[in-house]
Amino acid sequence: MKMKTSLYLLILVLFAMSACRKIGIQSGGIEEQLPYGNIHMAGSSFAPEDYTLVWEDNFDNPTLNPNNWFSGCQDPITGELTTVAESAHNQSSYVYAGYNSPENVYIQNGSLMLRGTNQPFGGYSYTNGWVTSMHRVHLNKGYIEIRAKFPSGDKVWPALWLLAEDKIWGPEWDMWEYYGQKERENSTDKDYDLMGNHLMSSKDTNNLWSTYFIDQFDNSHNWQEWHIYGFEWTADKAIWYLDGQPTRTLTKQAYLSEKPDGTWPDEEMFMILNNGQRVKSEDFTTTWPNYLEIDYVRVYQKFNSDFESGSTDPWLKYGNTSLSSINQHAGSYCAYIGDDNSGYEYVIAGLKPNTSYTFRGYVKVAGFGQQANIGVKEYGGAEIKASTISTGYMPLSVTFTTGATNTSAKLCFYRFADGAGAAYGDDFELFYTRLHPITVLNPAYQLHGLIMAPLPFSTETNTVAITVLI
Ligand SMILES: [Ca+2]
Ligand SMILES: [Ca+2]
């Protein structure tokens, strides 16, 4: 009898354990989103190290998000034409053979579709889809990643490119610009199937181009397949990446030695994604209609968060601050605050409205009785801060949600008026926090020790929505 009861109990326990494993498998999907780093790296990105996702459009909504883009070359809110555009529907009719119209811009199966047609309209022989992020999404340096499928054929001229927010032509970054056909300079010869990675800066009316073409791209890479097109722009170099592999590196030094009158881009620039048609190109091999399909556009930035550039730029400083080569949390440098009422601020742009971000970093003070803080303000909500009085490095973090129309935030590292003293800060990061429903077991089960796997969340996932299974 006793044995029978024990057996019965054993069966019960085994049943309970197998039920737990079942639930554990259910929660196994969550582990893919963890460790925490995977959340801000947004899945299968080729972003170089130390970059933080600051903005993305995955085209998941049924219509184009007007906070990010407008169709064509005229801002529907301000009425302004984009940089060097001649009308709302054509940027430059001497080079673009098509009329861009909203009918050619739509979202299908989670992708932005930019259609090109050979249907005459508005005095043009072709029409096309064209979107612009002017005054909505712009950046001064960073890494842009676009997952796209390009059209091909002699007439097509699709491109993913950047122009200046101040609407002066130059600089222009041609991240990825495909020519179905292009005539050679000072020659009647023609090239076909070219992908371009260019920079242009200008001196007065002189455009200073540094061009680079990859020949026979469709032949070698099949551009009708999905590819991940990356472009990194820093203070001293640009690197174009295809599916994570560099295709061109242009250093500031090389550009300026090639173009002594040139300037390295150092200003806010917006994106244009378009499926244009070239005036000068033939139309023998093009299939109509054709499409430039874009699954996502992501912008990553780094804001010298570890000070390993040997400078505290581009942080804005006030009071007594300097770069420190002692007391760093990691690497060779950190940020030093030498007195009270002093600190660092950095306005990070390109954020999404109504979205949660976490700003964190390592901070310590030099002596007892002092306090140092990190904080965030001007994001659409009340200022938030986190503080430490520790003389050893402490991780501090603040999580904030941008307001309904806010696309930037001011990140701060500072000391109040709490007396003389010093503080050090290092390894700051900004995380984009995705809201994933997470399924975990009822904590009661955990108490009974029936979970074999570690809990699928860490102390840093407090903004992740959690569903508890009873
Ligand atoms: Ca998508
Ligand atoms: Ca450092």
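Helices here are DSSP runs of H or I with at least four residues, strands are runs of E with at least two, and both are numbered from the N terminus. The model is predicted: local features need pLDDT of at least 70, side-chain atom pairs count only at pLDDT 80 or more, and totals for chains, interfaces and linings use all residues. Residues are numbered from 1 along each chain as its sequence is written, while chains are lettered from A and ligands numbered from 1 in the order in which they are written.

Q: Where is Pro171 placed, and is the peptide bond before it cis or trans?
A: Pro171 sits in the loop between β10 (156-164) and β11 (172-183). Omega from Gly170 to Pro171 is near 15°. That peptide bond is cis.

Q: Which loop holds Pro289, and what is omega for the bond from Trp288?
A: The loop between β18 (269-277) and β19 (290-301) holds Pro289. The bond from Trp288 to Pro289 is cis, with omega near -10°.  The loop is thus named by its two strands, β18 and β19, and omega is near -10°.

Q: How many helices and strands does the chain have, and what share of its residues is buried?
A: The chain holds 5 helices and 31 strands. A residue is buried if 20 or more other C-beta atoms lie within 10 Å of its own, exposed if 12 or fewer, and partly exposed in between, with C-beta atoms placed from the backbone. Of the 470 residues, the buried share is 41%.

Q: What share of contacts between residues at least 6 apart joins residues at least 24 apart?
A: Contact means that two C-beta atoms, placed from the backbone, lie within 7 Å. Take the contacts in the chain between residues at least 6 apart in sequence. Those joining residues at least 24 apart make up 69%.

Q: Is Gly361 buried or exposed, and why?
A: Gly361 belongs to strand β24 (residues 356-365). Beyond four places in sequence, its contacts include Ile374, Leu396 and Phe413, along with Gly425 to Glu429. Its C-alpha atom is 6.2 Å from that of Glu429, 68 residues away along the chain. Because 25 other C-beta atoms lie within 10 Å, Gly361 is buried.

Q: Which residues does Ser45 contact beyond its neighbours within four places in sequence?
A: Ser45 lies in the loop between α2 (36-41) and β1 (52-57). Ser45 has 20 other C-beta atoms within 10 Å, so it is buried. Its C-alpha atom and that of Gly244, 199 residues apart along the chain, are separated by 8.4 Å. The contacts of Ser45 are Glu145 and Arg298.

Q: In β26, which residues are the bridge partners of Asn373 and Gly375?
A: Strands β25 (residues 372-377) and β26 (residues 384-388) run antiparallel and are joined by 5 bridges. Strands pair if DSSP finds at least two bridges between them. The two form a hairpin with 6 residues between them, and Glu378 in the turn has a positive phi of about 60°. Asn373 pairs with Ser387, and Gly375 with Lys385.

Q: Which strands stand at the edges of the open sheet that contains β25?
A: The sheet has 5 antiparallel strands in the order β20-β23-β28-β25-β26. Two of them have a single partner strand each, so one side of each lacks a neighbour in the sheet. The edge strands are β20 (316-318) and β26.

Q: What is the average twist from one strand to the next in this sheet?
A: Axes are lines fitted to C-alpha atoms, for helices over the stretch in contact, and angles run from 0 to 180 degrees between N-to-C directions. From one strand to the next, the twist averages 15°.

Q: Is Asn186 buried or exposed?
A: Asn186 lies in the loop between β11 and β12 (190-203). Its phi is near 55°, a positive value in a residue other than glycine. Because it has 6 C-beta neighbours inside 10 Å, Asn186 counts as exposed.

Q: Between which domains does the largest nonpolar core lie?
A: A nonpolar core is a set of buried Ala, Val, Leu, Ile, Met, Phe, Trp, Tyr and Cys residues joined through C-beta atoms within 7 Å. The largest has 89 residues, and those with the most contacts inside it include Val54, Met175 and Leu411. Two domains, with bounds from an automatic or database assignment, both give residues to this core, so it lies between domain 2 (52-301) and domain 3 (316-432).
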